[in-house]
Structures are given as structure tokens and as C-alpha cells.
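Got the structure open in your viewer? Here's a tour, stop by stop, of what to select next and what you'll find there.

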Amino acid sequence: MTNLLQIGGVTADMRKRLETAFTIHQLDDFDPSSITHVITNGHDGIDPAIMASLINLKAISGYGVGYDAIDVAEAVRRGIVVTHTPNVLNEEVATTALLLLLACYREVLRDDAYVRSGAWQANGNAPLTRSADNQTVGILGLGRIGQAIAQKLTPWNAEIVYHSRTKKDVFYTYYDNLTAMAKDCDVLICITPGGPSTDKLVNAEVIEALGPNGTLINVSRGSVVDETALIAALQSGTLGWAGLDVFEAEPTVPQALRDLPNTVLLPHVGSGTVETRAAMGALTVDNLLQHLKDGTVISAVPECANL
């Protein structure tokens with residue numbers, strides 16, 4: 001059978017389907033010249049040295065929508081098709097963004113602790129929180145997930161504005177300057193791809209523009225936000241709140257972030273439901289099986305669309 005290199009974990013259902021068509025090899029036991037297909041994920045990607053050693057590699061199937069941990073430019077140069085799992089996780093990640101937004105606005109963690117500690121009984125009602133209605137929400141990266149976030153905000157009567165590399169054919173207001181947009185927003189939601197072009201795009205200037213009453217939500221990549229500047233702003237009150245699902249060096253999260261009362265922190269679970277992860281796994285395997293069958297794939301990354 002065809003030889004597949006597995007990087008990272010796979011579910012039992014994924015393995016069962018893969019084993020019908022592939023001999024699966026792990027990173028500690030494989031012959032580089034025999035590997036024609038790789039299965040990986042958005043976090044692990046594939047080490048450039050390993051990729052270079054796979055002289056007969058034809059396809060890399062990624063579990064997740066992000067693929068910045070894969071050298072796609074090199075893959076294109078070598079004629080290797082790279083796939084990911086868009087669309088099947090749009091709604092779930094959008095829900096996570098709203099979960100973080102609402103948790104920040106309504107101080108869910110603070111009030112949960114208030115009840116559990118007995119402070120409600122001892123001291124009376126908790127301090128008031130903020131309404132999430134009628135807010136101006138800036139979306140950084142109005143792709144598929146960004147648009148799903150915008151749609152889910154409809155019941156809260158949000159004014160949607162956005163910043164992206166190009167203006168979209170949408171009714172939302174476009175800003176060509178991120179700092180200017182942040183200044184006009186109550187909330188900034190990051191859902192742009194990772195990689196060098198967006199590294200620390202949300203810098204100290206953008207964070208300061210969002211302001212002491214502003215809320216930053218990041219469900220994209222930790223690299224998109226300057227984490228040091230973010231911590232400093234949250235500590236000083238230059239920024240009001242942050243809801244984060246991703247971090248620069250995850251799973252390591254700075255103690256300073258963990259100690260801050262004005263943060264809500266999740267362990268990169270934007271798509272982390274049973275149903276959505278099953279759909280992602282199925283698409284990851286489907287891409288491999290279809291490529292093995294006829295050389296085509298279902299969901300190539302944009303750079304590989306013509307391969």
C-alpha cells in the first residue's frame with residue numbers, strides 16, 4: 001500500500017479509514033524515500049527538513065483551516081498539493097468568538113467566582129457589567145469565518161466594520177487602515193490567517209487605539225497579536241479586556257496573562273466540538289483518499305488551487 005507519514009494525532013475513525021488505503025508511519029520510524037503522502041495539522045505542520053527529505057511527496061493533508069506551519073511556497077515549487085479543512089469549522093469558530101466576546105462583556109468568569117466563593121451571600125450583588133448590544137465590532141480578516149461572525153452578531157444589532165488585504169463585496173464598512181478602524185471600534189475580533197504577513201499585525205499602536213473601554217478577541221493565530229504589548233496594555237488599563245483562544249507560544253501561556261482579571265482564556269478550542277472536529281477529520285481523510293484515487297483533492301489551499 002501507499003506510505004503515509006502521520007504528524008500529530010488522528011482519531012480512531014480517521015485511522016480506520018486511512019488504514020484501508022495507506023501504510024501509516026510515525027515520525028520515529030519512516031523511510032523518507034517511500035513517503036508519498038503526509039497527514040498533519042495546523043499546529044504541527046511539517047518541518048522543512050523533513051519535507052525536503054520526502055523526495056517522492058505528492059500531497060500534504062492538513063487538519064484545520066490554518067496552514068502557516070507548512071511551507072506552501074516550497075510545496076508549490078515542487079508540485080506538492082496542500083489541503084486544509086475550510087468551511088466545516090466556520091460556524092463553530094464564529095460561535096467561539098461570540099462566546100469570548102460575551103464572556104468579556106458580561107464578566108462571566110468574575111461573576112462565576114463571585115457565586116462560588118460565597119461573596120454573593122456575604123457581600124450582596126455583584127458589580128454591574130456591560131451590554132453587548134449596539135456595539136461597533138471590527139473584524140480583522142473578513143473571510144469565511146469573519147463573515148460567519150458578522151452574521152452571528154445580527155441579534156445584538158452590531159455595526160460591523162472590517163479590515164482585510166482587499167475590499168470585499170459586502171455591505172459592511174471597509175477600513176484600509178487597521179489603527180483607524182480600532183480607534184472607531186468597541187471590539188476588535190482577529191480572524192486573519194497567521195504567517196509572516198500578519199505577524200504582530202495587532203501591535204501596541206492598534207491596541208492603544210482600541211482603548212481602555214475596548215475589547216480584543218483573538219480566534220486566529222497567537223502570532224497576529226503582539227502578546228507583550230497586549231499584556232502591558234491590559235495591566236495598565238490602556239486596553240479594557242481580552243478574550244483569547246490562541247497564544248504566541250501555545251500551549252505555554254504567560255503567567256502575566258493568566259493572572260489578569262480582565263482576560264478570558266481558552267486552550268485553542270475554536271473548532272473544538274465533537275461534531276465539528278469529526279467533520280474536519282473526515283475532510284482531512286477525504287482529501288487523501290481522493291488524491292490517491294485520481295490525483296485531485298477537495299479543498300486545496302488557495303496557493304495550490306491550480307496544481
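Start by selecting Lys168 and showing its neighbours: leaving aside residues up to four places away in sequence, Lys168 touches Leu142 and Tyr162. Keep in mind as you click around that this is a predicted model. Lys168 sits in the loop between strand 7 (159-163) and strand 8. Is Lys168 buried, exposed or something in between? It's partly exposed, with a relative accessible area of 31%. Now draw a C-alpha to C-alpha distance from Lys168 to Leu142: the two are 26 residues apart in sequence and 7.9 Å apart in space.

**The seven-stranded sheet**

Switch to cartoon view and colour the strands. Seven of them make an open sheet with parallel pairing, in the order 8-7-6-9-10-11-12. Strand 8 (173-174) and strand 12 are the edge strands, each with a single partner, so one side of each has no neighbour in the sheet. For a look inside this sheet, pick strand 6 (residues 136-140) and strand 9 (residues 187-190), which run parallel and are joined by four bridges. Zoom in on Val137 and you'll find its bridge partner in strand 9, Val187.

**Helix 10**

Next, select residues 227-236, which make up helix 10. This helix lies across strand 10, strand 11 and strand 12, at about 140° to strand 11. Which residues of helix 10 are buried? They are Glu227, Ala229, Leu230, Ile231, Ala233 and Leu234. Show what surrounds them: these buried residues pack against helix 9 (204-210), strand 10 (215-218), strand 11 (241-244), helix 11 (255-259) and strand 12 (263-265).

Both ends of the helix deserve a click. At the start, a side-chain oxygen of Asp226 comes to within 3.2 Å of the backbone nitrogen of Thr228. Just after the helix, Gly237 has a positive phi of about 90°.

**A stop in helix 9**

From there, hop to Ala209, which is in helix 9. Not counting residues up to four places away in sequence, Ala209 touches Thr179, Ala182 and Lys183. Try a C-alpha distance from here too: Ala209 and Asp169 are 40 residues apart along the chain, with 27 Å between their C-alpha atoms.

**The cysteines**

Now select the cysteines and show their sulfurs. How many disulfides does the structure hold? Zero. Cys190, for one, is in no disulfide, and the nearest cysteine sulfur, that of Cys185, is 11 Å away. Cys190 is buried, with a relative accessible area of 0%. Move on to Cys304, which also counts as buried, at 1% relative accessibility.

**The five-stranded sheet**

Finally, swing round to the other sheet on the tour. Five strands form an open sheet in the order 2-1-3-4-5, and the pairing is parallel. Strand 2 and strand 5 (81-83) are at the edges with a single partner strand each, so one side of each is left without a neighbour in the sheet. From one strand to the next, the twist averages 20°. Add residues 274-294 to the selection to see helix 12, which packs on this sheet and touches strand 1, strand 2, strand 3, strand 4 (59-63) and strand 5. The direction of helix 12 makes about 170° with that of strand 4.

Then narrow the selection to strand 1 (residues 2-6). Why is this strand largely enclosed by the rest of the structure? Because four of its five residues are buried. Follow the chain onward from here: it crosses from strand 1 through helix 1 (residues 12-18) to strand 2, and this β-α-β crossover is right-handed.

Strand 1 has partners to click on as well. Strand 2 (residues 22-25) runs parallel to strand 1 and is joined to it by four bridges. Select Thr2 to find Phe22 of strand 2 standing opposite. Strand 3 (residues 35-41) is likewise parallel to strand 1, with four bridges between them. Here, select Asn3, whose bridge partner in strand 3 is Ile35. While the side chains are on display, remember that in a regular strand they alternate between the two faces of the sheet.

Key
Residues numbered from 1 in each chain as written. Predicted model: local features only at pLDDT ≥ 70, side-chain atom pairs only at ≥ 80, totals over all residues. Heavy atoms only, no water. Buried < 20%, exposed > 50% of the residue type's maximum accessible area, 1.4 Å probe, protein only. Helix = DSSP H or I, 4+ residues; strand = E, 2+ residues; numbered from the N terminus. Pairing = 2+ DSSP bridges. Right-handed = clockwise from strand over helix to strand, strands pointing away. Axes fitted to C-alpha atoms, helices over the stretch in contact; angles between N-to-C directions. Contact = heavy atoms within 4.5 Å. Polar contact = N/O pair within 3.5 Å; in protein donor to acceptor, adjacent residues only side chain to side chain. Disulfide = S-S within 2.5 Å.
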